[in-house]
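Open the model in your viewer and keep the selection tool at hand. The stops below say what to select and what is there.

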Amino acid sequence: MVISSLHGCAGIKEVLVKSLPSPSHLEEKIERNDFFVAKEDDVVGRLAVIRLAKEDTLPDIARHFSLGINTVSAANPGIDIWVPEAGERILLPLSFILPDTPRKGIVINSAAMRLFYFRGDGKLLAVSTYPIGVGSTERPSPVGQMYVERKMFRPTWYVPASIAEDHRKKGDPLPAKVPPGPLNPLGEYALYLSASRYLIHGTNKPASIGLRATNGCIRLYPEDIKRLFENTPVKTPVRIVTSHIS
C-alpha cells in the first residue's frame, strides 16, 4: 500500500507498512500511538519503511511518527540526521516492547525512553505510547512508584536553586521563574508527580525528545503531552523503571 499524502509532514512521498512477523503484509495506516493489547502480548506496533523527499530531516520524521530521534538514528546507521539524501529509505522502529511491570496507569521505561499509558482492567487493554526525553547522567529521572498529584495548563517554571546555580556558574543566569510562553521549557501542559520536583511535561525544544537532556523530568512532544494531559486524571498511578532492551 502506497500512501501519497501524510498530513503534518510535508515531503514524505511514500510509505510501506510491514506487519510483524510477515513483512509481506501491507496495511493502509501506520499506527503510532494507540493500541489494544492482550494479557499475553509483549510487543505492540509494527515496523514501517518510508522514502524521504527533499528537505526531510530525521528529527522531522521522528516527530511526525511519534518517535525519539535516538531510535530513528539507531535504526538507520550512516544516515545524516540533518541532511539525508532525497529518496533514502528510512526504517521506522514502530514496534514497541511493553515494560515487564503491572499494566496499570502510566509506565515509563527511562532506558528505552518510552512512556506507556494503560487503561482498562479486562483481558484486552488499551495502551497509548509516546517517546520521551529523560534526565541527564548528572540529573537522572527518578525510579519507582508515584502518581499524578495535579495538572496544570500553561504552567510557570519556578527555577530550582540547583539549576539556577549551575547556570550562574556557566555565565547564563536564569530568572527566578519563567512564565508561560515560548521560552518556558515546560511547554503548554504539565503533570506534577507525587515525587517532589518531578513532572511529565511538554517542551519548547522538540528535537530533544529521545535524548538524555532534562533535569530529571519526563519530556514529551507538544502534541503528545496535550493528548496525555487530556486523557489522564489526577491520581493516575505512575511507575518509572529502567529496563534495558537488547
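Which side chain of opposite charge is nearest to Asp224, and how many Å away is it? Keep in mind that this is a predicted model. Select Asp224 first; it lies in helix 4, which covers residues 222–231. The nearest side chain of opposite charge is that of Arg227, 5.4 Å away. Asp224 has no salt bridge, although it is buried. The cut-off for a salt bridge is 4 Å, so the distance of 5.4 Å to Arg227 does not qualify.

Next, show what surrounds Asp224. Setting aside neighbours within four places in sequence, its contacts are Asn33, Ser66, Tyr130 and Pro131.

Follow Pro131 into strand 9, where it stands opposite Arg114. Now select strand 8 (residues 114–119) together with strand 9 (residues 124–131): the two pair antiparallel, over six bridges.

Widen the selection to the whole sheet. It is open and has nine strands, with mixed pairing, in the order 2-9-8-7-18-11-14-15-17. Strand 2 (34–38) and strand 17 (218–219) are at the edges; each has a single partner strand, so one side of each has no neighbour in the sheet.

For the last stop, go to the loop between helix 2 (69–75) and strand 5 (89–92), and select Val83 there. Is Val83 buried or exposed? Its relative accessibility is 62%, and therefore Val83 counts as exposed, the cut-off being over 50%. Add Ile81 and Trp82 to the selection: with Val83 they make a nonpolar surface patch of about 330 Å².

Terms used
Residues are numbered from 1 along each chain as its sequence is written. This is a predicted model: local features need pLDDT of at least 70, side-chain atom pairs count only at pLDDT 80 or more; totals for chains, interfaces and linings use all residues. Side-chain values use heavy atoms; hydrogens and water are left out. Patches are made of residues with over 30% relative accessible area and no salt bridge: like charges are joined within 9 Å, nonpolar side chains (Val, Leu, Ile, Met, Phe, Trp, Tyr) within 5 Å. Accessible areas come from the Shrake-Rupley method with a 1.4 Å probe; for residues, only the protein chains shown count as cover. Helices (H or I, at least four residues) and strands (E, at least two) are DSSP runs, numbered from the N terminus. Buried means under 20% relative accessible area, exposed over 50%, partly exposed in between (1.4 Å probe, protein chains only). Lys and Arg count as positive and Asp and Glu as negative; His and the chain ends are not counted. Contact means heavy atoms within 4.5 Å. Two strands pair if DSSP finds at least two bridges between them.
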